[in-house]
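Colleague: Mind walking me through this model? I'd like to start with a backbone angle, then look at burial, charges and surface patches.

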Amino acid sequence: MYRFSDILGNTRLTAHLQRALKENRVSHACLITGDKGMGKKMLAKTLAMALECESEGEKPCGHCPSCSAFLSGSHPDIVFVRPQKKTLGVDDVREQILEDIKLKQYRYPYKIYLVEQADTMTAQAQNALLKILEEPPAYGIFLLLAEQPNLLLPTVLSRVVVLQMQPIPTPEIKQYLKEKKMLSDEEAAVYSAYAGGSIGQALSLLEDSAFHKMRQDILEKLERLPTTPLAEVLLWAKEWEIYKNDFRFLDIMLLWYRDVLAAKCLQNPDVLMQKDREETIFSHRQKEAADIAKQVDAIVAARRRLAQNANFRLTIEVMLMQLKGEET
């Protein structure tokens, strides 16, 4: 079932769309943007269902013939447009949209096209789509989904209404994980902390054994950092080369020091994001807040250098020396 009330963290946007539905003024072309896992597809599906819903009450109702057809995967007038290769090419647009839209809707008010990965469209494909966006049939509605709207041509952007998905607040993700995935408060706090405002990211991490192993490795080393000789600490840079294409190990480090700083300044376990490490985090709070802040700066600087293709091992060795220096 898809309902606007199930779309977290975007109440202003969903309220706007529900008003537009009641007043029959939904644009014929909408661009739904936001990072991966923020709910773009869920919003598009909910809006498409609502537009076709036959109920006189709240839309989508989930029970009328149109909603039932959609939920069963057999709706004749809601079309999912997907790339056949890595990018959405001109042939995809022609075959899945331009040729198909020549046939009027089967029985419902609109013919709706959900264009997934719209930001992968080639320039030729975008120009082909532009023609139908400029002169759409009365029954045609286009819902484009994109993580990087800047990759779309200005001419295409000028023909769509942009619906920007916002990051979901961490407390809402935590509550969702507790209610829907039956996680404990401690577990939900951890996964929501790493979610980056994305329900999809949180759910993905739940099943990601590589992330679990990485987090265990990084946190165990950070816990031992104060008592580990510098020569041994520097060897970690070589070990961490397995993470050179996955910068999440730096996110793990940042959240660790964020919690240490919070424990130092606020002395309240409720503010910790990694509650499963509460005892250890509080044992590290003896350092001055300014020193902890320098450790955070060292990690941020390392991430920036790595993003600029700096030598991985050298960058991590420098960062580790700075972290170790603040532990003395």
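**From a glycine to the surface**

Colleague: Just after H8, what phi does glycine 196 take?

Modeller: Bear in mind that this is a predicted model: local features need pLDDT of at least 70, side-chain atom pairs count only at pLDDT 80 or more, and totals for chains, interfaces and linings use all residues. Numbering runs from 1 along each chain as its sequence is written, and side-chain values use heavy atoms, with hydrogens and water left out. Helices (H or I, at least four residues) and strands (E, at least two) are DSSP runs numbered from the N terminus. Just after H8, glycine 196 has a positive phi, at about 65°.

Colleague: How many of the 10 residues of H8 are buried?

Modeller: Buried means under 20% relative accessible area, exposed over 50%, and partly exposed in between (1.4 Å probe, protein chains only). The cover over the buried residues of H8 includes helices H7 (170-180), H9 (199-206), H10 (209-224) and H12 (248-266). Those buried residues are Ala188, Ala189, Val190, Tyr191, Ser192, Ala193 and Tyr194. H8 is largely enclosed by the rest of the structure, because its buried residues number seven.

Colleague: Which elements give two or more residues to the negative patch?

Modeller: Patch residues have over 30% relative accessible area and no salt bridge, with like charges joined within 9 Å and nonpolar side chains (Val, Leu, Ile, Met, Phe, Trp, Tyr) within 5 Å. Glutamate 186 sits in H8 and is partly exposed at 40%. Together with Glu187, Asp270, Glu278 and Glu279, Glu186 forms the negative patch. The elements giving two or more residues are helix H8 (185-194) and helix H13 (278-283).

Colleague: How far from glutamate 52 is the nearest side chain of opposite charge?

Modeller: Glutamate 52 belongs to helix H2 (residues 40-52). Leaving aside neighbours within four places in sequence, its contacts (heavy atoms within 4.5 Å) include His75, Asp77, Tyr108 and Lys111. Lys and Arg count as positive and Asp and Glu as negative, while His and the chain ends are not counted. Glutamate 52 is buried yet has no salt bridge (a side-chain nitrogen of Lys or Arg within 4 Å of a carboxyl oxygen of Asp or Glu), and the nearest opposite charge, arginine 107, is away by 9.1 Å.

Colleague: Aspartate 100 and lysine 111 pair up in a salt bridge; how many residues apart are they?

Modeller: Their side chains meet at 3.2 Å, N to O. Aspartate 100 is in the loop between helix H4 (90-98) and strand S3 (111-115), and lysine 111 is in S3, which puts distant parts of the chain in a pair separated in sequence by 11 residues.

Colleague: Is lysine 221 buried or exposed?

Modeller: The side chain of lysine 221 meets that of glutamate 239 in a salt bridge at 3.1 Å, N to O. Glutamate 239 lies in H11 and lysine 221 in H10, so the pair ties together parts 18 residues apart in sequence. Glutamate 239 is partly exposed at 42%. At 7% relative accessibility, lysine 221 counts as buried.

Colleague: Which helix gives the most to the nonpolar patch?

Modeller: Leu230, Leu314, Val318 and Met321 make a nonpolar surface patch of about 320 Å²; accessible areas come from the Shrake-Rupley method with a 1.4 Å probe, and for residues only the protein chains shown count as cover. Leucine 230 lies in helix H11 (residues 230-239) and is partly exposed at 37%. With three residues, the most comes from helix H15 (residues 312-327).

Technical notes:
Charge placed at Lys NZ, Arg CZ, Asp CG, Glu CD.
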